[in-house]
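Student: Could you take me through one part of this model closely? I would like to see how the two chains meet, with the cut-offs spelled out.

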Amino acid sequence: MNRVNRCGRIYRRLARAFPHEFRTICGDGLEQLGEDLMPVVWRDQGVAGITRLLADLAMRLPLEYFSTWAGRLKELTMTSDLFEGTWRANIDKSQWDPLHTPEQARITLEATATGYLMVAYGIKDGQAVAERPSPIIVDGRRRPIVDLNGRPIAGVPPGAMAFGSRPDPQTIEGGAEVDGKTLGKRTLRVSEDGKTLTVTVEGTGIKGPFKTVAVFDRVEPDPYVPFG
Amino acid sequence: MTRKPPEAFLPLKSNWLHILLSLAGAEQHGYGIMQDVLERSDGKVRLWPATLYGSLKRLIQEGLIVESGDRPAPEFDDARRRYYKLTPLGQRVLDLEGQRLKDLVRALHAKRRQEARS
C-alpha cells in the first residue's frame, strides 16, 4: 500500500503541474480521478498499470503546455481583441423589446484573464441608467451569479447559475439558469470587419418573455483607452 | 472566421466519439465516462485520466460539450464531481458521425455481397 501512496503523491504533483488554463477548465477533476483510480489500477494491473497511469500524465503535460503557449502566441499576434472596446447602439438597426427600449445605449468590454468585464449604460425615458458590471467567463462552466465582491445580487433567484462559452473567436454565448431551467440566453457576435457587435438577448422576465437584438457600432478611437 | 460547421469535425477522433457517446442522453462525470467506455468496449478501450481530461477540455473549447449545472440527488452524488453534457452542436456532430459510420458499414456489406456472388 505504501507503494500506492508514493505513486499517488507523484500523480498529484504531476496533475498539479498542468497549465493554469487546463486547470481552469477541468478543475481538480484530473487529480480526483487519479486518486479514485490508483487503488483500482494497482489491484487489477499492478506495477504495469500504475506505470501506464503516470506515463499518460507525463506525456500529456508537455502537450498541454505547448497548446497553451500556441494559444498565447496566437493572441499576441492578433492585432487587437475583437470584443474589447466601447460600442454604441445603433438604435435604427436594433430590434428592442418594447419594455426595454433605450434612447441611447453603450457597452464597454474589457478583457480579463478569464474572459471579459462588461459594463452597459445608456439613457432610458430621459434618465441615465447603468447596469451592474458583469464578468463574462467563457470556459463553459456554471458559476453562481454574484456581484464582483462575491455577494448575492438582489432580484436574482437563489441557486441561479451563469454560464459562458466562446464557440469561435467572433462569438460569445452565455446565459443564466436555475435548477437546470434556462432563465435567459445572450449571444455576442462581432462582424468580420470587427466594427459591428450584435447582441441577442432572450429569456423570460417578471413581465413575461422578451427578445432583443441590439446592433452596436465600435466607437473609434476608444474613449477609455489613452492614446488608443 | 466563422463558426465551425458540424461536418468539419468528421471523422471524429476515436476518443471524442467514445466520450460523446457516453454523454448521449445522460450527463456524466469523468469517472463515469471512463467506466462507460471501458464497459462498452468490453475492457478494450481505457481512457486514462490525462487523455480523458485533455479530450474533455478540447470538446468544451470546441463547443461540443459543456459542464452541466444539474446534479443528481446528494445521496447519489459525490459533491467533488463535475458533470458534462452534450450541446446541440455536439449532438448534431454525434448524429452525423453515426450516419457516416452506418454508410461505411453499408458499403462494406455491399462489397462483401458482391464478392460472395462473384
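Tutor: Happy to, and let me begin inside chain A: of its contacts (heavy atoms within 4.5 Å) with a separation of 6 or more, 40% join residues 24 or more positions apart. This is a predicted model, in which local features need pLDDT of at least 70 and side-chain atom pairs count only at pLDDT 80 or more, while totals for chains, interfaces and linings use all residues. Residues are numbered from 1 along each chain as its sequence is written, chains are lettered from A and ligands numbered from 1 in the order in which they are written, and side-chain values use heavy atoms, with hydrogens and water left out.

Chain A has three helices and eleven strands, where helices (H or I, at least four residues) and strands (E, at least two) are DSSP runs numbered from the N terminus. Along the sequence the pattern is α-α-α-β-β-β-β-β-β-β-β-β-β-β. Of the 228 residues in chain A, 39% are buried, meaning under 20% relative accessible area, with exposed over 50% and partly exposed in between (1.4 Å probe, protein chains only). Helix 3 of chain A, residues 29-77, holds Ala58(A). Ala58(A) has a relative accessible area of 39% and therefore counts as partly exposed. Its C-alpha atom is 9.2 Å from that of Tyr11(A), 47 residues away along the chain.

Now to the interface. There, 41 residues of chain A are in contact with 28 residues of chain B. The buried area, which is the accessible area (1.4 Å probe) that two parts lose on being put together, summed over both, is about 3000 Å², and carbon and sulfur atoms give 53% of that. The rule finds one salt bridge across the interface, taking a side-chain nitrogen of Lys or Arg within 4 Å of a carboxyl oxygen of Asp or Glu. Lys57(B) and Glu64(A) form a salt bridge through their side chains, at 2.6 Å from N to O.

On chain B's side, at least two residues touching chain A come from each of helix 2 (30-40), helix 3 (49-61), strand 2 (65-68) and strand 3 (83-86). Helix 3 of chain B supplies the largest share, ten residues. Sorted by class, that side has eleven nonpolar residues, eight polar and nine charged; here Ala, Val, Leu, Ile, Met, Phe, Trp, Tyr, Cys and Pro count as nonpolar, Asp, Glu, Lys and Arg as charged, and the others, Gly among them, as polar.
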